[in-house]
Structure formats: C-alpha cells, structure tokens
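Hi everyone, and thanks for coming. Let me walk you through a structure that will be new to most of you.

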Amino acid sequence: MLLNAKSIIFVLAFTFHFAGCQKSVFQSLKKTEDLFVLEGLPHPLRENPSFKKEKNRNDVMQIEDHWFYDTKAKATGNTRDQLMNLLFDESGFSSNVIPKDCGFHPDYAIMWESDGVENYLMICYTCGEAELIREGKTKSYDLNFYKIDSFANLLAEFKANRPI
C-alpha cells in the first residue's frame, strides 16, 4: 500500500511539475493582443552563398545569434487567431529536447510584447525545434511533429524577402 502511495505521489509531482512548466512558457501571450512575424535569412551553412548575400542587405537585423529581415509583419484576423491557438496548444511543444545536429536556424520568429519586454519564439523547420527568447534567456522546445505543418502553412503567408 505504501509503495502504491509513493508511486502515485511521484506521478502527480512529475505531472504537476512538467504541466506547470509547460503552461507557464507562453503565459506572457495572455498579456498581448499583437503578434508580429519576422522572416529568417537563408540557412548560414546549407545555403551559405545566399545567406552571405542576404546578410549584407541594409534591411536585416540580428536577434541573439540569428539573422532576420527587419520587417515585423503584424499577424491579423484569422491568421493571428490560428497562431495564438497553436501557441497556446500545450501538445505542440515539449521541453524534453532531443539534441540534433542540423544547426538550429530559425525560418521564422513570432514576436510579442508583454510587460514592456519583447518575446521571440524562433521556429526551425529543419530540426523541428523552437527557441523562446525573453530577457536574454533562451528556452528550447521540440515541436510536435504534427504541428510543424500547421506553423509552416500559417507562417508561409509572411514570406516576403527570402530567396527561393
């Protein structure tokens, strides 16, 4: 009986710990109405010639170690609502990141502001990872395989600068 009680307590503690972490990840989204999308430059290794050319443009910016075109396109209407639904869907993200060797490169970043702080969720389609950057701190997540296409389809609407 004692063993069963300990098992139940362990499972509950484990569940609450990880559920709490997962829920708190995007809490700052509740404090904003506006989402912006930034388009990433070509991959610095696999698309090196394009990356070098694009990096020399006047309309690019660096966030942490990643390069983006500096246009922050506002997500509106149904697109914004669908992005919010994806971001609040806890099943879409896992904090148990499996290391990959693709060299994380964000195809897009979703940006929002809350409490005067800019938050960036950077999404890499190649490795299926996302990085949340807030106040200089980075937290990595694996994207649910079944959610990657949803992000890709929505964010494709914001492709404006990146060469084919």
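Let me begin with a word I will use often: a residue is called buried when its relative accessible area is under 20%, exposed when that value is over 50%, and partly exposed in between. Please also keep in mind that what you see is a predicted model.

Now take Glu54. Its relative accessible area is 7%, so Glu54 is buried. Glu54 has a salt-bridge partner in Arg57, and their closest N and O atoms are 3.0 Å apart. Is Arg57 buried or exposed, or something in between? Arg57 has a relative accessibility of 29%, so it counts as partly exposed.

Let's stay with charges for a moment. Side chains of opposite charge can pair when their charged atoms come close. How many salt bridges are there in this model? The count comes to 9. One of them joins Asp81 and Arg80, with 3.2 Å between the closest N and O atoms. Here Arg80 is buried, because its relative accessibility is 15%, while Asp81, at 36%, is partly exposed.

Another salt bridge runs between Arg162 and Asp107, where the closest N and O atoms lie 3.1 Å apart. Arg162 sits in the segment after α4 and Asp107 in the loop between β5 and β6, so this pair ties together parts that are 55 residues apart in sequence. Arg162 and Asp107 are both buried. There is also a network: salt bridges with shared partners join Glu33, Arg80 and Asp81.

Let's move on to the aromatic rings. The model has 4 aromatic pairs. In one of them, the ring centres of Phe93 and Tyr141 are 6.2 Å apart and the planes stand at 80°, so we call the pair edge-to-face; the cut-off for that label is over 60 degrees. Phe93 belongs to strand β5, residues 93-94, and Tyr141 to strand β9, residues 137-143, so the pair links parts of the chain that are distant, 48 residues apart. Phe93 has a relative accessibility of 6%, so it counts as buried. Tyr141, at 3%, counts as buried too.

Phe93 has another aromatic partner, Phe151, and this pair is edge-to-face as well, with 6.1 Å from centre to centre and 65° between the planes. Phe151 lies in helix α4, residues 145-155, and Phe93 in strand β5, so here the pair ties together parts 58 residues apart in sequence. Phe151 is buried, just as Phe93 is. Put together, Phe93, Tyr141 and Phe151 make one aromatic cluster.

Tyr141 has a charged companion too: the charged end of Lys139 sits over the Tyr141 ring, 5.7 Å from the ring centre. And if you look for Ile98, its C-alpha is 8.9 Å from that of Tyr141, although the two are 43 residues apart in sequence.

How do the strands around this cluster pair up? β5 and β9 run antiparallel and are joined by 2 bridges. Within β9, Leu143 is the bridge partner of Phe93. On to β8, which pairs with β9 in the antiparallel sense over 6 bridges. In that pairing, Arg134 stands opposite Lys137 of β9. β8 and β9 form a hairpin with 2 residues between them, and in the turn Glu135 has a positive phi of about 55°.

Finally, the nonpolar interior. In soluble globular proteins, nonpolar side chains tend to be buried together. In this model, the largest nonpolar core has 24 residues, and those with the most contacts inside it include Leu35, Leu83, Phe93, Ile110 and Phe151. Which elements give two or more residues to this core? They are β1 (35-39), α3 (77-88), β6 (108-114), β7 (117-124), β8 (129-134), β9 and α4.

Phe151 is a good place to zoom in. Leaving out residues up to four places away in sequence, Phe151 touches Leu83, Leu86, Leu87, Phe93, Ile110, Ile123, Tyr125 and Leu143. Apart from the largest core lies another one, of 12 residues, among them Phe68, Cys102, Phe104 and Ile133.

If you would like one spot to start from on your own screen, try Phe93: it is part of the aromatic cluster with Tyr141 and Phe151, and it is among the residues with the most contacts inside the largest core. Thanks for listening!

How values were computed. Residues are numbered from 1 along each chain as its sequence is written. This is a predicted model: local features need pLDDT of at least 70, side-chain atom pairs count only at pLDDT 80 or more; totals for chains, interfaces and linings use all residues. Side-chain values use heavy atoms; hydrogens and water are left out. Rings of Phe, Tyr and Trp (its six-membered ring) pair if their centres lie within 6.5 Å; planes under 30 degrees apart count as stacked, over 60 as edge-to-face and the rest as tilted. Helices (H or I, at least four residues) and strands (E, at least two) are DSSP runs, numbered from the N terminus. Buried means under 20% relative accessible area, exposed over 50%, partly exposed in between (1.4 Å probe, protein chains only). A charge sits over a ring if NZ of Lys or CZ of Arg is within 6 Å of the ring centre and within 35 degrees of the ring normal. A nonpolar core is a set of buried Ala, Val, Leu, Ile, Met, Phe, Trp, Tyr and Cys residues joined through side-chain atoms within 4.5 Å. Contact means heavy atoms within 4.5 Å. Two strands pair if DSSP finds at least two bridges between them. A salt bridge is a side-chain nitrogen of Lys or Arg within 4 Å of a carboxyl oxygen of Asp or Glu.
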